[in-house]
Structures are given as C-alpha cells and as structure tokens.
Amino acid sequence: MIKSAGGVPKFIALKPKPSEGEMTSADWVLDDKELASLFSTRTKMLILNTPHNPVGKVFTAQELQTLADLCKKHNVLCISDEVYEWMVYKPHKHIRIATLPGMWERTITIGSAGKTFSVTGWKTGWAYGPANLMKNLQVVHQNCVYTCCTPIQEAVARSFEFELARYNSPECYFFSLAEELISKRDYLVKVLRENGFNPTIPDGGYFVMADWTKLENKIDLKQESDKYKDYRFTKKFAKEAGILTIPPTAFYSEGHKNLGENYARFCFIKKDENLQLTEKLLKEWNAKKN
C-alpha cells in the first residue's frame with residue numbers, strides 16, 4: 001500500500017537478545033542506532049504495532065518515548081496498531097503512544113472489535129485521532145471500504161456500553177479476557193518446552209513464537225519445496241503431527257525473513273480441550289520420532 005501511494009517502506013525488525021534462560025517477548029528489542037538511521041527529512045510516517053503480533057511484545061514507556069522523540073524530531077506521523085490492547089498480562093501494561101507528550105496531534109490509533117470482543121470474523125474496527133488527520137482518513141474510508149455492516153456496528157456499540165458500565169469490576173471483559181488467557185498461555189508454553197520447542201513467553205496478544213531448531217533432526221524438510229524453512233517446517237509438521245501453526249516469515253519484509261525461519265507461531269486462544277489435544281498430538285509425534 002505504501003508503494004502504491006508512491007512511498008518507500010523502510011523496515012526494522014525486533015531481534016531477540018542473546019539469552020540462555022527463559023525468553024520473553026520483552027527480550028525482543030529494536031536497535032536504537034538502526035532505528036534512528038531510518039529517519040530522515042523524507043520520512044513521513046511511522047507504523048507501530050503494540051502489543052505486537054507475532055512476538056507478543058508490549059512496548060515499554062521508554063521504548064515508546066524513543067519512538068515518540070524521533071517522530072517529533074522529524075515531524076513524522078504515527079499509525080499505531082493497538083488491536084491487542086486488552087490482552088496484556090500482569091505486571092505489564094499497555095501504553096498508548098498517543099498519550100505521550102506531543103504525540104496525540106500526530107497519531108492515528110487503530111483498534112479492533114474482533115480482538116477486543118473475541119469476534120474476529122466480524123472484521124470490524126476503528127481508528128481515532130485528531131480531527132485534521134481523521135478527515136483525510138474518512139475520505140480514504142469513504143472511497144475504499146465505504147461502510148461496515150450496520151447490525152455489527154450496533155452490536156459493537158452496545159458491547160462497549162455494556163462493558164464500560166462495569167469497567168471497574170473484574171467481570172469487565174476488557175480485563176477478564178487476559179485473566180482467562182494467561183493460564184492457557186502458560187499451559188501451551190509448558191507443553192512446547194516439554195516437547196523440544198524453545199518458546200518466547202508473550203507479554204501480550206495470544207500467540208507464542210516457538211523456536212523449533214532442536215527438532216530439526218526429527219523432521220525431513222526436503223520433501224517440502226517452499227523457499228523458507230519455517231514454511232517447510234509448518235507444512236511438514238501439520239502433515240505429521242496434525243498441529244497447525246503459522247510460518248512467521250509471512251510477517252517479515254524480504255530483507256528480514258531469515259529472522260523468522262527458525263520459528264513457528266502457535267495460538268492459545270483455544271478451548272482447553274484443544275490445548276490438551278495439542279499436548280497429546282505433540283507427545284505422540286515425539287514418541288514416533290524417538
């Protein structure tokens with residue numbers, strides 16, 4: 001989309017810090033010097049994703065301040081994709097970059113009903129920001145999407161009214177969802193560790209990035225013809241183990257795809273019985289390979 005508008009996209013990837021112990025998504029960081037080098041007088045916009053998909057990183061106040069300072073220094077707009085804002089696990093907290101000094105006037109924040117209310121099939125979301133930026137966004141929306149399904153818009157509005165009325169209670173879905181998911185996250189992480197994967201524990205979202213390289217000697221990837229190893233692994237793994245995962249290189253630019261090749265993305269916003277089935281299938285697959 002950037003290219004079609006005449007722009008030149010420049011990418012920077014989160015990279016894991018060297019670690020011998022338990023790895024969390026907080027260990028995936030941006031290189032400050034590399035980040036600063038990508039800004040120039042020609043830079044128009046920063047696109048940020050926090051909480052992050054697929055890593056699950058929740059950017060800290062300091063990390064967001066670094067990004068905000070660069071935006072202000074170079075007079076850059078910010079598009080902040082925050083669709084997983086309510087799926088953040090204690091003690092971590094989601095901070096909206098638009099709340100930082102000098103950032104409201106240059107930020108458009110994106111949210112999602114699908115993620116917020118667990119109705120991903122509805123494909124309905126929202127964007128908010130200062131009126132002068134929203135006016136331009138509305139022109140694009142009018143000529144691109146035009147409108148969303150009216151009953152679904154009404155359902156989203158009523159859901160907000162219902163949850164905001166009980167905002168300060170533990171039953172509020174904005175908070176109860178994360179409480180429900182944390183046990184699922186921890187269960188899947190445990191299962192993956194016990195079966196040869198090295199998972200990154202996510203601080204937000206509902207995905208786990210798991211390094212599968214310790215299993216490489218157990219699976220013959222030569223039978224798959226895809227260019228990238230993670231595509232070959234996830235296809236072969238699905239055929240042999242019956243477990244579906246996502247190849248992370250799909251999220252990377254061409255120049256950074258090598259960073260995702262040794263990982264598979266697992267999803268844990270599942271019924272407990274399906275997570276238990278995953279454990280059963282993983283153990284059966286490993287038993288066949290030993």
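## Two domains and the contact between them

Let's begin with the overall layout: the C-alpha centres of domain 1 and domain 2 lie 25 Å apart. Domain 1 covers residues 2-165, and domain 2 covers residues 174-288. Where the two touch, domain 1 contributes 33 residues and domain 2 contributes 28 residues. Please keep in mind as you look around that this is a predicted model.

How much area do domain 1 and domain 2 bury between them? The figure is about 2,700 Å², and 64% of it is on carbon and sulfur atoms. Look for three residues on the domain 1 side: Pro54, Trp86 and Tyr89 supply 28% of the area that domain 1 buries against domain 2, more than any other three residues.

Now turn to the polar side of this contact. Between domain 1 and domain 2 there are 14 residue pairs in polar contact. Which parts of domain 1 face its partner? Strand 1 (15-16), strand 2, helix 3 (113-116) and helix 5 (150-165) each supply at least two residues of the side that touches domain 2. Helix 5 gives the most, with 3 residues. Sorted by character, the residues on this side of domain 1 comprise 19 nonpolar, 8 polar and 6 charged ones.

Charged residues bring us to salt bridges. Side chains of opposite charge can pair when their charged atoms come close. The structure holds 19 salt bridges, and 2 are found across the interface of domain 1 and domain 2. To see a salt bridge up close, find Lys90 and Glu179, whose closest N and O atoms are 3.3 Å apart. Another salt bridge joins the side chains of Arg193 and Glu22, at 3.1 Å from N to O. Why does this pair tie together parts that are 171 residues apart in sequence? Arg193 lies in helix 6 (residues 173-194), while Glu22 sits in the loop between strand 1 and strand 2, so the pair links parts separated by that stretch of 171 residues.

Follow the chain on from Glu22's loop, which lies between strand 1 and strand 2, and you reach a sheet. Four strands, in the order 2-8-9-10, form an open sheet with mixed pairing. Strand 2 (23-24) and strand 10 (263-267) stand at the edges; each has a single partner strand, so one side of each is left without a neighbour in the sheet. Strand 8 (residues 198-201) and strand 9 (residues 207-211) run antiparallel and are joined by 3 bridges. If you would like a landmark there, Pro199 stands opposite Ala210 in strand 9.

Finally, let's visit some details of the backbone. Most residues other than glycine have a negative phi, and most peptide bonds are trans. With that in mind, go back to Pro54, where a cis peptide bond joins Asn53 and Pro54, with omega about 20°. Pro54 is placed in the loop between strand 4 (45-49) and helix 2 (61-73). Lys90, which you met in the salt bridge with Glu179, leads to Pro91 through another cis peptide bond, with omega near 10°. Pro91 lies in the loop between strand 5 (77-81) and strand 6 (107-112). And which residue other than glycine has a positive phi? Asn75 does, with phi near 55°. You will find Asn75 in the loop between helix 2 and strand 5.

Definitions and conventions. Residues numbered from 1 in each chain as written. Predicted model: local features only at pLDDT ≥ 70, side-chain atom pairs only at ≥ 80, totals over all residues. Heavy atoms only, no water. Pairing = 2+ DSSP bridges. Domains from an automatic or database assignment. Contact = heavy atoms within 4.5 Å. Buried area = accessible area lost by both parts, 1.4 Å probe. Salt bridge = Lys/Arg side-chain N within 4 Å of Asp/Glu carboxyl O. Polar contact = N/O pair within 3.5 Å; in protein donor to acceptor, adjacent residues only side chain to side chain. Nonpolar A, V, L, I, M, F, W, Y, C, P; charged D, E, K, R; others polar.
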